[in-house]
Amino acid sequence: MTPSTDLNIPLFERAKALIPGGVNSPVRAFKAVGGTPRFVKRAQGAYFWDANDQRFIDYIGSWGPMILGHGHPAVLEAVQKAALEGFSFGAPTEREVELAEEILSLVPSMEMIRLVSSGTEAGMSAIRLARGATGRSKFIKFEGCYHGHADSLLVKAGSGLATFGNATSAGVPPEVVQHTLVLEYNNVAQLEEAFALHGKELACVMIEPIAGNMNFVRASVPFMKRCRELCTEYGALLVLDEVMTGFRVALGSAQSVYAKSIPGFKPDITVLGKVIGGGMPLAAFGGPRAIMEHLAPLGGVYQAGTLSGNPVATACGLTTLREIKKPGFFDGLSASTRSLVDGLAQAAKEEGVPFSADCEGGMFGFFLLPELPQNYPAVLKTDSTRFNQLFHGLLDRGVYIAPALYEAGFVSGAHTADDIATTVAAAREVFKTLSK
Ligand SMILES: *Cc1c(COP(=O)(O)O)cnc(C)c1O
C-alpha cells in the first residue's frame, strides 16, 4: 500500500477537519505510534476490514466488549428483533429486569444494580454513591488506573507520599480533585500510611483489580486483601472498577478470581461496562441493597439517564452474557488467550527480545521488559520506540493490537488456533527486526 492509494489517509484528513484529532476518543488517533489510523468498514468474527478492504486480526475488540467476536449470530438476531420493537422509551422494560437478574446471578456481591450508558458514567456515579452512603468526601485511587473521564478521577499522584493529587486534564479545577488521594498500585506500605492519616475521612477506595489501562498489571493478592481489610476497618467502601475485567477475565469477573485466594472476598460496589453491553452503550454499578438504596428515587443520591437501560443495548448485553455462560466458553477463551501469550513469549525468547506477558480469561498484556511491572512507574520503563516498531510491524502483517503500550489486549471466542498461529508467526518476523 503506497500513501497515494491508501484510502485511510483521505478519510483521516476529512475527519481531522471536522472532529478534534479526527477521532471521537483520543487513543484511536495513533498519536503514540504515529501513522494513519485504520478506518473500519466492517467486522466479522475475529476480523475487521479497513477502508482499503485490508483484513486485520482484531485484538482490541472495541477495547473489550466484543468477547464473542463481531457479528455473533445470536446477538445480531436479538438486536435486530429489539430494534423492530422500538429504540428507546424512557420507561421501564422487562428486558432491563432480565439483564439485572442475569448480572446479579453471575456476580453475587451485588444485590441491586443500576444501568447506565458508559463506564465513565458508572464510575462517576459509584463515587457519588460511595460519598452519599458514607457521608465522607475523600477517596483513594491508584496511579495508572483509569475509571473514566469524570473530573474527580482525572488525577495523577502529587509530589509527596499520601498527598492529594494534581489534575491530569486542563479544565479540571484543583478544588475538584482536592479530595482525590492518588497512591501507587501494589504498594501496601503507602496504602497503610494513607489510611492511618485519612482513613476516617475516606468514602472509598476505587481500584481496577487487574489494571487494563496501564497495559496489564494485576493487583497482588496481599495488596487486594489489605485494601479490603482497611476499608472494612475504617468504614470506607471498596469500589472495584470491573468495567474492563467484568465478564472478561472470568464469568464471575475479577472478584471471583480474587475470592479464590482471599476467602469471602467481595467489593462493596462493583462498576461494570464493556462486555455487559456486548458492543452497545451500556454500563452499570451495583452493590448490597443497603448501599444501593441511597440512590434516587429511594434515597438522596441523584443519578439519572435518558437512555439508561436502553432496550436495544440491553438485548445485546443480555444475549452476550447468555452466550458466554454456556459451558466451556470461558475454558476455550482462556486457552486461546494462554496459547497466544505463550506463543509470543516463546517467539520473543528465541529471537532474543526481552519480553514478559500475563493473561486472565480473554484479557492479556505484554511488555518489552524482562519482568512484569507491578505499578505505573515500572510500566513506563518500556521502550516506546521498540513498542512502536512492533505495533507497525504487526499492523503491516494484518494484526491489529492496541496503538499504545498502555493498553491491554483482548481475545474473543471467534479467534481460532489459526488466527493465533498467524499472529505468533507475524510477531516472530517483527521480533527478528527488533533484536538487531
Ligand atoms: C473503559 C473503562 C472505563 C470507561 O468506560 P467508558 O465506557 O469508556 O466511559 C472505566 N474504567 C475502566 C477500568 C475501563 O477500562
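A residue counts as buried when its relative accessible area is under 20%. Keep that cut-off at hand for the stops below. The model on your screen is a predicted one.

**Stop 1: a tryptophan in a loop**

Select W63 first. At 18% relative accessibility, W63 falls under the 20% limit and so counts as buried. The loop that holds W63 runs between strand 3 (55-58) and helix 2 (73-85). Now check the backbone torsions: phi of W63 is near 70°, a positive value in a residue other than glycine. Most residues other than glycine have a negative phi.

**Stop 2: the two domains**

Zoom out and colour the chain by domain. Domain 1 is made of two segments, 8-71 and 327-434, while domain 2 covers 73-324. If you place a marker at each C-alpha centre, the two markers will be 25 Å apart. To show the contact between the domains, you would highlight 32 residues from domain 1 and 32 residues from domain 2.

Next, pick E323, which sits in helix 10 (residues 311-324). E323 is buried, with a relative accessible area of 14%. Which residues does E323 touch, leaving aside those up to four places away in sequence? Show L68, H72, A74 and F329 to see them.

**Stop 3: around the ligand**

Centre the view on the ligand and display its surroundings. The residues around the ligand are S118, G119, T120, Y146, H147, G148, E208, N213, D241, V243, M244 and K274. Sorted by class, this shell has three nonpolar, six polar and three charged residues.

Three distances are worth drawing here:

- From T120, draw a line between a side-chain N or O atom and an oxygen atom of the ligand; the separation is 2.7 Å.
- From D241, connect a polar side-chain atom to a nitrogen atom of the ligand, again at 2.7 Å.
- From Y146, use the backbone: a polar atom there lies 3.2 Å from a nitrogen atom of the ligand.

How much of the ligand does the protein bury? The ligand taken alone exposes 380 Å², and the protein buries 82% of that.

Stay with the shell for a moment and select K274, one of the residues around the ligand. K274 is in the loop between strand 13 and strand 14 (283-287). Is K274 buried or partly exposed? With 24% relative accessibility, K274 counts as partly exposed. Its backbone deserves a look too: K274 has a positive phi of about 40° although it is not a glycine.

**Stop 4: helix 8 and its glutamine**

Move on to helix 8, residues 253-261, where S253, A254, Q255, V257 and Y258 are buried. To see what the buried residues of helix 8 pack against, switch on strand 10 (210-211), strand 11 (217-218), helix 7 (221-234), strand 12 (237-242), strand 13 (269-272) and strand 15 (356-360).

Within helix 8, single out Q255. Q255 has 6% relative accessibility and counts as buried. Which residue shares a side-chain polar contact of 3.1 Å with Q255? The partner is T270. Beyond residues up to four places away in sequence, Q255 touches V107, S109, L240, E242, F265, P267 and T270.

**Stop 5: a cysteine in helix 7**

Helix 7 is one of the elements that the buried residues of helix 8 pack against, and C227 lies in helix 7. C227 counts as buried, at 0% relative accessibility. Show its contacts next: apart from residues up to four places away in sequence, C227 touches F142, L191, V205, I207 and L238. For a longer line across the model, connect the C-alpha atoms of C227 and A357; they are 130 residues apart along the chain and separated by 25 Å.

**Stop 6: two more loops**

Go to G165, in the loop between strand 6 (155-156) and strand 7 (166-167). G165 is buried, with a relative accessible area of 11%. Add L181 to the selection: G165 and L181 are 16 residues apart in sequence, and their C-alpha atoms are 5.8 Å apart in space.

Finish at P297, in the loop between helix 9 (289-292) and helix 10. What is the geometry of the peptide bond from A296 to P297? The bond is cis, with omega near 10°. Most peptide bonds are trans.

Conventions
Residues numbered from 1 in each chain as written. Predicted model: local features only at pLDDT ≥ 70, side-chain atom pairs only at ≥ 80, totals over all residues. Heavy atoms only, no water. Near = heavy atom within 4 Å. Polar contact = N/O pair within 3.5 Å; in protein donor to acceptor, adjacent residues only side chain to side chain. Areas by Shrake-Rupley, 256 points an atom, 1.4 Å probe, with all protein chains shown as cover. Nonpolar A, V, L, I, M, F, W, Y, C, P; charged D, E, K, R; others polar. Helix = DSSP H or I, 4+ residues; strand = E, 2+ residues; numbered from the N terminus. Buried < 20%, exposed > 50% of the residue type's maximum accessible area, 1.4 Å probe, protein only. Contact = heavy atoms within 4.5 Å. Domains from an automatic or database assignment.
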